[in-house]
Amino acid sequence: MTVIVAGKVYVDPGERDRFVAGHRELVLRCRERPGCLDLAISPDPVEPGRVNLFEYWESEEALAAWRAIAPAPAVDVEITDDQVLKHEVASSGPPFGEPPHSDHH
């Protein structure tokens, strides 16, 4: 069963870019880990102090293995609020159903 950790954290808007940049090495290392399907720590395009988080893992075991050795971020910026949840995914598929079939030959 795949696992998604997703949500948002808030930091001082003046510190957001430094916060995101301070996670660059962590993102690079995580994306190379076995079982990591994707990881993103990105500035929100609308809210100045918001950072969007997205982790996609093959399994709970892969996530736990990463958490056991994950380095601390290279930046000390206070998170003022967070809304992040872990989701256990039973099935996945195209976001809008199956793509239409073409009769063109």
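This report walks through the sheet, the helices packed on it and the nonpolar core of a predicted model.

Let's start with the sheet. Its 4 strands form an open arrangement in the order β2-β3-β1-β4, and the pairing is antiparallel. Because β2 (36–43) and β4 (81–89) stand at the edges with a single partner strand each, one side of each has no neighbour in the sheet. From one strand to the next, the twist averages 5°.

In the middle of that order, β1 (residues 2–10) and β3 (residues 50–57) run antiparallel and are joined by 8 bridges. If you would like a landmark here, look for Gly 7, which stands opposite Leu 53 in β3.

Two helices can be placed against these strands, as the table shows.

| Helix | Residues | Strands involved | Angle |
|---|---|---|---|
| α2 | 24–31 | touches β2 and β3 | about 165° to β2 |
| α3 | 60–69 | lies across β1, β3 and β4 | about 125° to β3 |

Now for the interior. The largest nonpolar core has 19 residues, and those touching the most other members are Phe 19, Cys 30, Leu 39, Val 51 and Trp 57. At least two residues of this core come from each of β1, α1 (16–21), α2, β2, β3 and α3.

Trp 57 is a good residue to zoom in on. Which residues is Trp 57 in contact with, leaving aside its neighbours within four places in sequence? They are Thr 2, Val 3, Cys 30, Pro 34, Gly 35, Cys 36, Leu 37, Ala 62, Leu 63 and Trp 66. One of these, Cys 30, is also listed among the core residues that touch the most other members.

Methods: Residues are numbered from 1 along each chain as its sequence is written. This is a predicted model: local features need pLDDT of at least 70, side-chain atom pairs count only at pLDDT 80 or more; totals for chains, interfaces and linings use all residues. Side-chain values use heavy atoms; hydrogens and water are left out. Two strands pair if DSSP finds at least two bridges between them. Axes are lines fitted to C-alpha atoms, for helices over the stretch in contact, and angles run from 0 to 180 degrees between N-to-C directions. Contact means heavy atoms within 4.5 Å. A nonpolar core is a set of buried Ala, Val, Leu, Ile, Met, Phe, Trp, Tyr and Cys residues joined through side-chain atoms within 4.5 Å. Buried means under 20% relative accessible area, exposed over 50%, partly exposed in between (1.4 Å probe, protein chains only).
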